[in-house]
Amino acid sequence: THFGFQNVPENMKEHLVKQVFANVASKYDIMNDVMSGGVHRLWKDHFIRTLAPTPGTKLLDVAGGTGDIAMRFLDYCKETHGDNSAQVTVFDINPNMLEVGKERFTKTPYHNTSQVSFMEGNAENLEHIPDNSMDAYTIAFGIRNCTHVDRVLKEAYRVLKPGGRFMCLEFSKVENPVISKVYDVFSFDVIPTMGQIVANDRDSYQYLVESIRKFPPQKEFAKMIKDAGFTVMGQGYEDLTFGVAAIHSGFKL
Ligand code: SAM
């Protein structure tokens with residue numbers, strides 16, 4: 001059995017997504033390493049280097065989950081600029097994922113400082129975050145789980161300061177036909193099987209694969225970002241590992 005996610009009515013998606021991440025929360029970090037062979041770490045490091053935050057940057061990391069992006073962001077600020085004034089809010093719909101994140105931060109120098117905070121909520125409605133209040137907005141492997149991507153982008157635009165930057169890291173489409181074939185086998189067969197073996201949860205990992213298939217390709221997503229009001233440089237995205245993932249970026253000017 002699997003979620004048959006294509007056929008799930010829109011109003012059920014949010015509920016199912018919550019269930020999936022509640023199921024995977026405790027195994028989430030290890031599964032990322034197992035399934036990507038550690039490559040997600042390289043993608044995330046590259047993502048933060050591309051963001052290149054300056055001292056004092058205020059970042060909203062949406063769908064921040066267990067705080068992977070937030071941790072890299074603060075480490076980058078500290079290591080590159082000796083900066084202890086950068087701040088990040090880890091925002092996620094799922095309290096289980098946030099709990100794992102809070103626990104991780106207790107073992108870091110950022111614990112109990114104003115550099116990191118956690119907020120529960122839906123990316124489609126950032127109601128507690130004021131207009132024009134953030135220097136940067138990141139969303140990594142989260143936007144494809146949202147029901148209304150246009151609302152997510154609209155809210156991102158609203159909360160960013162003029163000059164602020166939106167950046168998204170997400171699974172994307174492999175164009176090369178040979179690599180695409182290999183990737184198909186890997187994602188349709190290998191990932192759900194690994195989910196079964198490592199996390200004893202085939203369905204959640206089956207859902208993750210299906211959600212990647214359903215997400216729009218690079219150019220289409222870049223157009224959605226422009227339609228939300230952002231200014232993009234060049235084509236608006238960078239492929240990572242043949243397009244298995246991509247970084248999309250736009251400025252609120
Ligand atoms: N950004 C983290 C990372 O890169 O490791 C976590 C990514 S995880 C694959 C996706 C996260 O998106 C989950 O923590 C899930 O709870 C969250 N999420 C899903 N739908 C959401 C929504 N509508 N609003 C906010 N967070 C959402």
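1. F141 is a good place to start. In this predicted model, F141 has a relative accessible area of 11%. The cut-off for buried is under 20%, so F141 counts as buried.

2. What does F141 pair with? Its partner is W43, in a tilted aromatic pair. The centres are 6.1 Å apart, with 40 degrees between the planes. W43 belongs to helix 3 (residues 39–51). F141 sits in the loop between strand 4 (134–140) and helix 6 (149–159). The two residues are 98 residues apart, and the pair links distant parts of the chain. W43 is also buried, because its relative accessibility is 7%.

3. A second ring pair joins F105 and F118. The ring centres lie 5.8 Å apart and the planes meet at 75 degrees, so this pair is edge-to-face. F105 is in helix 5, F118 in strand 3 (residues 116–120). Here the separation is 13 residues. Burial differs between the partners: F105 is buried at 1% relative accessibility, whereas F118 is partly exposed at 25%.

4. Helix 5 deserves a closer look. Spanning residues 95–105, helix 5 has M97, L98, G101 and F105 buried. Viewed down the axis of helix 5, these buried residues fall within an arc of 95 degrees, so they line one face of the helix. The general geometry is familiar: an α-helix has 3.6 residues a turn, so residues three or four places apart point the same way. At the start of helix 5, a side-chain oxygen of N94 comes to within 2.8 Å of the backbone nitrogen of N96.

5. On aromatic contacts overall, the whole structure holds nine aromatic pairs. Ring pairs also connect Y137, Y157, F166 and F230 into a cluster. One of these rings, Y157, has K252 over its face, at 4.9 Å from the ring centre.

6. The largest pocket holds about 880 Å³ of space. Which residues come closest to its centre? Of the 50 lining residues, they are Y28, N32, F141, R144 and F171. F141 thus appears twice in this note: it pairs with W43, and it is among the residues closest to the pocket centre.

7. The pocket lining draws on several helices. Helix 1 (10–24), helix 2 (28–36), helix 3, helix 4 (68–81), helix 7 (177–199) and helix 8 (202–214) each supply at least two residues. Which helix gives the largest share of the lining? Helix 7 does, with six residues. Helix 3, one of the contributors, is also the helix that carries W43.

Notes: Residues are numbered from 1 along each chain as its sequence is written. This is a predicted model: local features need pLDDT of at least 70, side-chain atom pairs count only at pLDDT 80 or more; totals for chains, interfaces and linings use all residues. Side-chain values use heavy atoms; hydrogens and water are left out. Buried means under 20% relative accessible area, exposed over 50%, partly exposed in between (1.4 Å probe, protein chains only). Helices (H or I, at least four residues) and strands (E, at least two) are DSSP runs, numbered from the N terminus. The arc is that of the directions from the helix axis to the C-beta atoms. A polar contact is a pair of N or O atoms within 3.5 Å; within protein, one must be able to donate a hydrogen and the other to accept it, and residues adjacent in sequence count only if both atoms are side-chain atoms. Rings of Phe, Tyr and Trp (its six-membered ring) pair if their centres lie within 6.5 Å; planes under 30 degrees apart count as stacked, over 60 as edge-to-face and the rest as tilted. A charge sits over a ring if NZ of Lys or CZ of Arg is within 6 Å of the ring centre and within 35 degrees of the ring normal. On a 1 Å grid over the protein atoms alone, a cavity is a set of points where a 1.4 Å probe fits but cannot get out, and a pocket is an open set with protein on both sides within 12 Å along at least five of seven lines; lining residues have an atom within 4 Å of a point. Grid points are joined across faces, edges and corners, and a volume is the space filled by probe spheres set on the points.
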